[in-house]
Amino acid sequence: MGLAPLVVLVAAFTVLPQAGPAASGADDEQQVLNERLYALATTPGTTAEQLAAVLAEGADPEASAKSVGLPGWANVLWRAVAYLTDPAPIQVLLDAGLAPTPSVVKKAVQSNPNVEVTRLLLDANAIASVNDPKLVIKGNLLVEAAGANPSPAVLRLLLASGRYDVNAEGETFPPSTP
């Protein structure tokens, strides 16, 4: 009599696999594609073709970092800007509909040594922020770059734009119109 109640108790608390859409192979496939997208975005040397291929297979560019098991809030574009120095893969992500948010542009200004990546994101942000005020960058990007970016070319780009004054406070990009 000692084992019978134990067997019944174990059987009652055993989690059984569920059928239905939540357990479908499609969800697993989507997860794998999204994980591949994030892996490519954080692998130096990733090409535009590699990113375009995984997106064409169905990876979701809007998938959150947490959904693929990564800590933090940074999306795939932010992570790509942190790791990739070729502007072509960055352009693929922009073409996939990801917004050049202020945090993405600031990340490029602070840490991406390729001036063309910074130029691409500044231009994309200037265009996108016309229709979306949330994309307007607050702060002085020249100060951001001077404090962190190893590339003098990025500083030259920001200086040549004439939009930044190292002594100014509270600037926005693109500049606000009165």
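**H9**

I opened this predicted model at H9, on the side away from its buried residues, and found Arg156, Leu159 and Ala160 exposed there. Then I turned to the buried residues of H9, which are Val154, Leu157 and Leu158. I checked their directions around the axis: they cover an arc of only 90°, so they sit on the same side of H9. That fits the textbook picture, in which an α-helix has 3.6 residues a turn, so residues three or four places apart point the same way.

What do the buried residues of H9 pack against? I get H6, H7 and H8. Just after H9 I noted glycine 162, which takes a positive phi of about 75°.

**Whole chain**

I stepped back for the overall numbers. I have 9 helices and 2 strands in the protein chain, and along the sequence the pattern reads α-α-α-α-α-α-α-β-α-α-β. Of the 178 residues in the chain, 35% are buried. I also looked at contacts between residues at least 6 apart in sequence, and 68% of them join residues at least 24 apart. For the accessible surface I have about 10,100 Å², with 61% of it belonging to carbon and sulfur atoms.

**The core**

Next I pulled up the largest nonpolar core, which has 43 residues. Which residues have the most contacts inside it? My list is Leu37, Leu77, Ile90, Leu93, Leu121, Leu141 and Leu158. I then sorted the core by helix: H2, H3, H4, H5, H6 (102–111), H7 (115–131), H8 (141–148) and H9 (152–161) each supply at least two residues. H7 gives the most, with 6 residues.

**Leucine 93**

I picked leucine 93 from that list for a closer look. This residue is in helix H5. Leucine 93 has a relative accessible area of 0%, so I count it as buried. I set aside its neighbours within four places in sequence and found it in contact with Leu37, Leu51, Leu55, Val76, Leu77, Ala80 and Leu98. I also logged a pair across the sequence: leucine 93 and proline 61 are 32 residues apart along the chain, yet their C-alphas are 7.3 Å apart in space.

**H4**

Three of those contacts, Val76, Leu77 and Ala80, turn up again among the buried residues of H4, so I went there next. H4 is mostly covered, with 6 of its 8 residues buried. By name they are Val76, Leu77, Trp78, Arg79, Ala80 and Val81. What covers them includes H2, H5, H6 and H7. At the N-terminal end of H4 I found a cap: a side-chain oxygen of asparagine 75 lies 3.1 Å from the backbone nitrogen of leucine 77.

**H2**

I moved on to H2, residues 25–41, which has 17 residues. From first C-alpha to last it reaches 24 Å, close to the 24 Å expected at 1.5 Å a residue. Its buried residues are Leu33, Asn34, Leu37, Tyr38, Leu40 and Ala41. Looking down the axis of H2, I see them fall within an arc of 165°, so they line one face of the helix. The face turned away from that buried side carries the exposed residues Asp28 and Glu29. I followed the packing of the buried residues and landed on H3 (48–56), H4 (76–83) and H5 (87–95).

**Threonine 46**

Is threonine 46, in the loop between H2 and H3, buried or exposed? With 5% relative accessibility, threonine 46 counts as buried. I looked for polar partners of its side chain. One is the backbone oxygen of leucine 40, reached at 2.6 Å, and another is the backbone oxygen of threonine 43, at 2.8 Å. Leaving aside neighbours within four places in sequence, I have threonine 46 in contact with Leu40, Leu51, Leu84 and Pro89.

**Isoleucine 137**

My last stop was strand E1 (residues 137–138), where isoleucine 137 lies. Isoleucine 137 is buried, with a relative accessible area of 0%. I paired isoleucine 137 with threonine 101: they are 36 residues apart in sequence and 7.9 Å apart in space, C-alpha to C-alpha.

Technical notes
Residues are numbered from 1 along each chain as its sequence is written. This is a predicted model: local features need pLDDT of at least 70, side-chain atom pairs count only at pLDDT 80 or more; totals for chains, interfaces and linings use all residues. Side-chain values use heavy atoms; hydrogens and water are left out. Helices (H or I, at least four residues) and strands (E, at least two) are DSSP runs, numbered from the N terminus. The expected span of a helix is 1.5 Å times one less than its number of residues. Buried means under 20% relative accessible area, exposed over 50%, partly exposed in between (1.4 Å probe, protein chains only). The arc is that of the directions from the helix axis to the C-beta atoms. Contact means heavy atoms within 4.5 Å. A polar contact is a pair of N or O atoms within 3.5 Å; within protein, one must be able to donate a hydrogen and the other to accept it, and residues adjacent in sequence count only if both atoms are side-chain atoms. Accessible areas come from the Shrake-Rupley method with a 1.4 Å probe; for residues, only the protein chains shown count as cover. A nonpolar core is a set of buried Ala, Val, Leu, Ile, Met, Phe, Trp, Tyr and Cys residues joined through side-chain atoms within 4.5 Å.
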